[in-house]
Amino acid sequence: MIEKINALLAEVETLAANDEKELEALRIKYLGKKGLINELMADFRNVPGDRKREIGIRLNELKTALQDRLNALRAELATHEEDHSGLDLTRTPYPVRLGTRHPLSIVRNEIIDIFSRLGFSMADGPEVEDDWHVFSSMNFAEDHPARDMQDTFFIEQHPDIVLRTHTSSVQSRVMETTQPPLRVICPGRVYRNEAISARAHCFFHQVEGLYIDKDVSFTDLKQVLLTFAREMFGADTRIRLRPSYFPFTEPSAEMDISCNICGGKGCSFCKHTGWVEILGCGMVDPNVLEANGIDSNIYKGYAFGMGVERITNLKYQVSDLRLFSENDVRFLDEFMAAN
Ligand code: DAH
């Protein structure tokens, strides 16, 4: 009897079935009522007492092995039998996960949209720039600290080539190719040699504005910026201009808006002043007009520049600048509704 069991055990692994029918035939042959296992069970009664244990264990092994093998064959058939015709493995799985526009893109587009409605067109320039467009043509003195290695990224072995530190370089690019009247905004990325932290980054984004014509006054500048502030932060927004200094504008100012988080009452965001700074601006310095081939006796202009991250922080209270460049979908998903 033990030989018979061993022979069947060896057979188990060779069992195969091409379809359910063949599988059922195997089941009946081995495990059915009149199958081989039951036949062996019947014979088992005649086994002498001293061999019952050894043969009993073997017989059980055989039964389990057969059951396992038939189960495995059944599982194999189930996968084979699925109809795979017409299955497109390149298709996107459902549900389709929609991406979101980056918060900086949302805000940049909003800024562009507002100024487009005021008649500004878009201008662009390179991020890897020469000293002339970033500094010299913008009236930076030879020894201005912004030219220092501490602030500016230089291209190795090319002391004249820098990563632009501000989008004001595009003003120069526009003036050298276009005669006034001109009215442009220039969105773009800028770079500064800063240690990365929650409040500073080695790259960020700005939008520059430039308007040059025959009769341009500071009043025009103020009205355009007031309109911008109200479109961006709401109709109740107030602005104030504080005297400041930039090499490329004279006079220069920094503009604050009434804090849009507390409505100007004072909160921790505006350091209890009720105001937050959002941009720099001024009347284009005649030196800049002349350096870029525009007659300063005929033309005047105003310019302004703002940080997109700053405006985004004000609109959405993003507390850490690093979030903007980490591409964490949990952060980006929060802007789903603003898209
Ligand atoms: N370029 C300045 C900066 O990066 C921003 C700025 C200030 C731009 C005044 C202007 C301006 O056009 O008139 O901080």
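Me: R117 and D113 both lie in one helix; which helix is it, and how many residues apart are they?
Reply: This is a predicted model. R117 and D113 are about one turn of the helix apart. Their side chains meet in a salt bridge, 3.1 Å from N to O. The helix is α5, and the spacing is four residues.

Me: Is R117 exposed or buried?
Reply: The cut-off for exposed is over 50% relative accessible area. R117 has 53% relative accessibility, so R117 counts as exposed.

Me: What is the N to O distance in the salt bridge between E54 and R51?
Reply: E54 and R51 are three residues apart in helix α4, so about one helical turn separates them. E54 is partly exposed because its relative accessibility is 42%. R51 is partly exposed too, at 33%. Their side chains meet at an N to O distance of 3.2 Å.

Me: Which residue forms a salt bridge with R173?
Reply: The partner sits three residues from R173 in helix α7, about one helical turn away. R173 is partly exposed, with a relative accessible area of 27%. The closest N and O atoms of the pair are 4.0 Å apart, and the partner is E176.

Me: Which residues do salt bridges with shared partners join into one network?
Reply: A search of the whole structure finds 16 salt bridges. One network member, R240, is found in strand β7. R240 and E254 are 14 residues apart in sequence, with their C-alpha atoms 8.3 Å apart. The network joins R240, R242, E254, D256 and E277.

Me: Which residues come nearest to the ligand?
Reply: There are 15 residues around the ligand. They divide into five nonpolar, eight polar and two charged. Those that come nearest are H166, S168, R192, Q206 and E208.

Me: What percentage of the ligand's accessible area does the protein cover?
Reply: A polar side-chain atom of Q206 lies 2.9 Å from a ligand oxygen. Polar backbone atoms also approach a ligand oxygen: A303 at 3.2 Å and F304 at 3.3 Å. On its own, the ligand has 360 Å² of accessible area, and the protein covers 89%.

Me: Which elements give two or more residues to the shell around the ligand?
Reply: One helix and three strands qualify. They are α7, β6, β9 and β10.

Me: Which residues make the nonpolar surface patch?
Reply: The patch is about 370 Å². One member, L98, is found in the loop between α4 and α5. L98 counts as exposed because its relative accessibility is 59%. The patch is made by Y94, V96 and L98.

Notes:
Residues numbered from 1 in each chain as written. Predicted model: local features only at pLDDT ≥ 70, side-chain atom pairs only at ≥ 80, totals over all residues. Heavy atoms only, no water. Patch = residues over 30% accessible without salt bridge, like charges linked within 9 Å, V, L, I, M, F, W, Y side chains within 5 Å. Areas by Shrake-Rupley, 256 points an atom, 1.4 Å probe, with all protein chains shown as cover. Buried < 20%, exposed > 50% of the residue type's maximum accessible area, 1.4 Å probe, protein only. Near = heavy atom within 4 Å. Polar contact = N/O pair within 3.5 Å; in protein donor to acceptor, adjacent residues only side chain to side chain. Nonpolar A, V, L, I, M, F, W, Y, C, P; charged D, E, K, R; others polar.
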